[in-house]
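This report concerns the salt bridges of a single structure and one of its helices. The sequence and model are shown first.

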Amino acid sequence: MSEVWELIKPLAVYYIGYYVIRMVVGTLLAGGGMSFLIEEGSSIVNGIAMVGGCGVLLPMISEEREKQGKERERQKREMPENGEIRTGRSVLRYPALVVYAAASVVFFNIVVSLSGLMEQSDLYRQTAARQYAVSLGMGLFLYAGISAVVEEVVFRFLLYNRLRRSGGREAFGIVASAFLFGVYHGNIVQGLYAFAIGLLIALVYVHFDNFLAPVLFHGVGNGVIFLSNMVPDVYDIVFAPVMFWIFGLITAAGSFVLVREVRKKISAQ
């Protein structure tokens, strides 16, 4: 049981910090005569609580950085003299990642939409209504910025790395962290979508070997979906029928290359 606790500890501690801070902020707003912000601006309160919950994780973040530093030193010592740990150093990697992220999130959004689950889930509709109750600028700041950074710290930087060490395999960490990412979203619609995207983000993290990559993927993805739902003209372009096939091909091709490169990288270690 203690081993399980150590694995999920970052998520549990984050949740506790998040809800405590959310409750404190709500109480302060109500006491200051600004209780309307708790409802109308719940996403703003949510953003404050997310940052605070992530702040509680600072000791774990520091510990994880030390562990990764030791791993890199060990890999350097074990690497052949002319060996190479990292792959794909092209400067085009990050622009390609932006395109891949945008295509993937739109493609899976359309797939989930076509499934009919959105119409059947009251919980999803309530969540969506809260998410889009903020201004365009604030929403992009919250979802493409704060949410992307905080969730990647929790699910990729902390949980994924703990899970891969526990299972002894990269694949276990990728799948398990994606599963927890799906459960975290709290409803079947976002859960299935988050699981699929979580797999891709974890693969991106492994391939790029840089925390900036999953944050960029997550931020671009959230930003594209939020912007599309807030601006009708953007929605008409991004979710046009022909784009489903274009984004589907980009997603399939990008995922194939990503899986191939990750497998090569793992086998080389």
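E261 and K264 both belong to helix α13 (residues 241-268), where three residues, about one turn of the helix, separate them. Helices here are DSSP runs of H or I with at least four residues, while strands are E runs of at least two, numbered from the N terminus. An α-helix has 3.6 residues a turn, so residues three or four places apart point the same way. E261 and K264 form a salt bridge whose closest N and O atoms are 3.5 Å apart. The term salt bridge denotes a side-chain nitrogen of Lys or Arg within 4 Å of a carboxyl oxygen of Asp or Glu. E261 is buried at 11% relative accessibility, whereas K264 is partly exposed at 45%. These classes rest on relative accessible area: buried is under 20%, exposed is over 50%, and partly exposed lies in between (1.4 Å probe, protein chains only).

The model is predicted: local features need pLDDT of at least 70 and side-chain atom pairs count only at pLDDT 80 or more, whereas totals for chains, interfaces and linings use all residues. Residues are numbered from 1 along each chain as its sequence is written, and side-chain values use heavy atoms, with hydrogens and water left out.

A search of the whole structure yields 10 salt bridges. Three of them, including the pair in α13, are listed below.

| Pair | Closest N and O atoms |
|---|---|
| E64 and R165 | 2.5 Å |
| R164 and E71 | 2.7 Å |
| E261 and K264 | 3.5 Å |

The salt bridge between E64 and R165 links distant parts of the chain, as E64 lies in helix α4 (residues 58-78) and R165 in helix α8 (residues 136-167), 101 residues apart. E64 is buried, with 3% relative accessibility, while R165 is partly exposed at 28%. R164 forms a salt bridge with E71; because R164 lies in α8 and E71 in α4, this pair ties together parts that are 93 residues apart in sequence. Both R164 and E71 are buried. Salt bridges with shared partners join E64, E71, R164 and R165 into one network.

Helix α9 (residues 170-184) contains 15 residues. From its first C-alpha to its last, α9 reaches 21 Å, close to the expected 21 Å at 1.5 Å a residue; the expected span is 1.5 Å times one less than the number of residues. Among the buried residues of α9 are E170, I174, L180, F181 and Y184. After α9 comes G186, which has a positive phi near 80°.
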